[in-house]
Amino acid sequence: MTDHPQARLQHILEELAKHGRVTVKELATEFSVSPETVRRDLKQLEMEGHLRCIYGGGVTPRRDADQPISQRMRVNAREKAKIATLAARELRDHTKIFLDSGTTMLALSRYLVDRPLINIYTNSLDIIQTLSGVESNNVVAVGGVLRPSYRAFLGTDTLNVIREHLFDIAFVSAVTVDVNLGFMDLGEDEALVRRALRRHAKQVVMLADSSKFGRQGNFCTYNFRDVDLLITDAPPRADFLEKLEEAQVKVIYA
């Protein structure tokens, strides 16, 4: 049917809405892709709170109404909280920062509720919601094409806004981390936003929990040398640490 990641994700969501479940075998046949590619798609949708992975496929998650943030935070919630606590120590007043649409950023955004002297830019709907009650004018919603599967604004307009700015720190995430290919994403639009942030930020801080290491995505977003600081919840494997040290990436872990 298609090998475009975003089209696959959208179709999976449509099938899930119709039938309440999807199978790896049927989707692989329909998309003419490998079962492993489908599993990565399902895992991403699970990480975003759209489905629950089961043996051989995925099903509609049991969700509480009007709680999109808590749904997305359930996957590795403890690890994300640890990372957010460490990342919050990098925050400084009178700076301009960007938070991308990764789910770990949701935990970090809670530390920004009472930081009116930090100028915050984000393309994440959930972070905008978290900070919408802040009584200040320091939050900028970076618009674009709304992608429901990502709960974010992406596309050309988003990139154009980023290119008009220079950020002190870009807090970014990745779907997977491969020891040879670096930080990877499943969606091209996500990767393009993060690449633009690399060019328009003085410092790039990567937030990635340990479950993402040793897996591969569809798009090579960053080489290790593109990241200044990596914050994670556990010590990376020796082979990852060697690559990170070679690339002069500072690593902080809980």
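**Two domains and the core between them**

Modeller: In this predicted model, the centres of domain 1 and domain 2 are 24 Å apart, taken over C-alpha atoms.

Biologist: Where are the bounds of the two domains?

Modeller: Domain 1 covers 3–57. Domain 2 covers 67–251.

Biologist: How many residues does each domain give to the contact?

Modeller: Domain 1 gives 16 residues and domain 2 gives 19 residues.

Biologist: And what area do they bury between them?

Modeller: About 1,500 Å². Carbon and sulfur atoms account for 52% of it. On the domain 1 side, Gln6, Arg40 and Met47 supply 41% of the area buried against domain 2. No other three residues supply more.

Biologist: How many salt bridges and polar contacts cross over?

Modeller: The rule finds zero salt bridges across the interface. Three residue pairs are in polar contact between the domains, both residues at pLDDT 80 or more.

Biologist: Switching to packing. Which residues touch the most other members of the largest nonpolar core?

Modeller: Ile12, Leu42, Phe183, Leu197, Met206, Tyr222 and Leu230. That core has 45 residues.

Biologist: Why does this core lie between the domains?

Modeller: Because domain 1 and domain 2 both give residues to it.

Biologist: What is Tyr222 in contact with, leaving aside neighbours within four places in sequence?

Modeller: Its partners include Phe183, Leu197 and Met206. Arg194, Arg195 and Arg198 are also among them. A second core, separate from the largest one, has 25 residues, including Ala107, Val134, Phe171 and Ile231.

Biologist: Last topic, confidence. Where does pLDDT stay under 50?

Modeller: Over residues 63–70. The model has 13 contacts beyond four places in sequence for that stretch. Where pLDDT is low, predicted coordinates should not be read in detail.

Biologist: What about the protein's mean pLDDT?

Modeller: The mean is 89, and 93% of residues reach 70 or more.

Key
Residues are numbered from 1 along each chain as its sequence is written. This is a predicted model: local features need pLDDT of at least 70, side-chain atom pairs count only at pLDDT 80 or more; totals for chains, interfaces and linings use all residues. Side-chain values use heavy atoms; hydrogens and water are left out. A nonpolar core is a set of buried Ala, Val, Leu, Ile, Met, Phe, Trp, Tyr and Cys residues joined through side-chain atoms within 4.5 Å. Buried means under 20% relative accessible area, exposed over 50%, partly exposed in between (1.4 Å probe, protein chains only). Domain bounds come from an automatic or database domain assignment. Contact means heavy atoms within 4.5 Å. pLDDT is the predictor's confidence in each residue, from 0 to 100. Buried area is the accessible area (1.4 Å probe) that two parts lose on being put together, summed over both. A salt bridge is a side-chain nitrogen of Lys or Arg within 4 Å of a carboxyl oxygen of Asp or Glu. A polar contact is a pair of N or O atoms within 3.5 Å; within protein, one must be able to donate a hydrogen and the other to accept it, and residues adjacent in sequence count only if both atoms are side-chain atoms.
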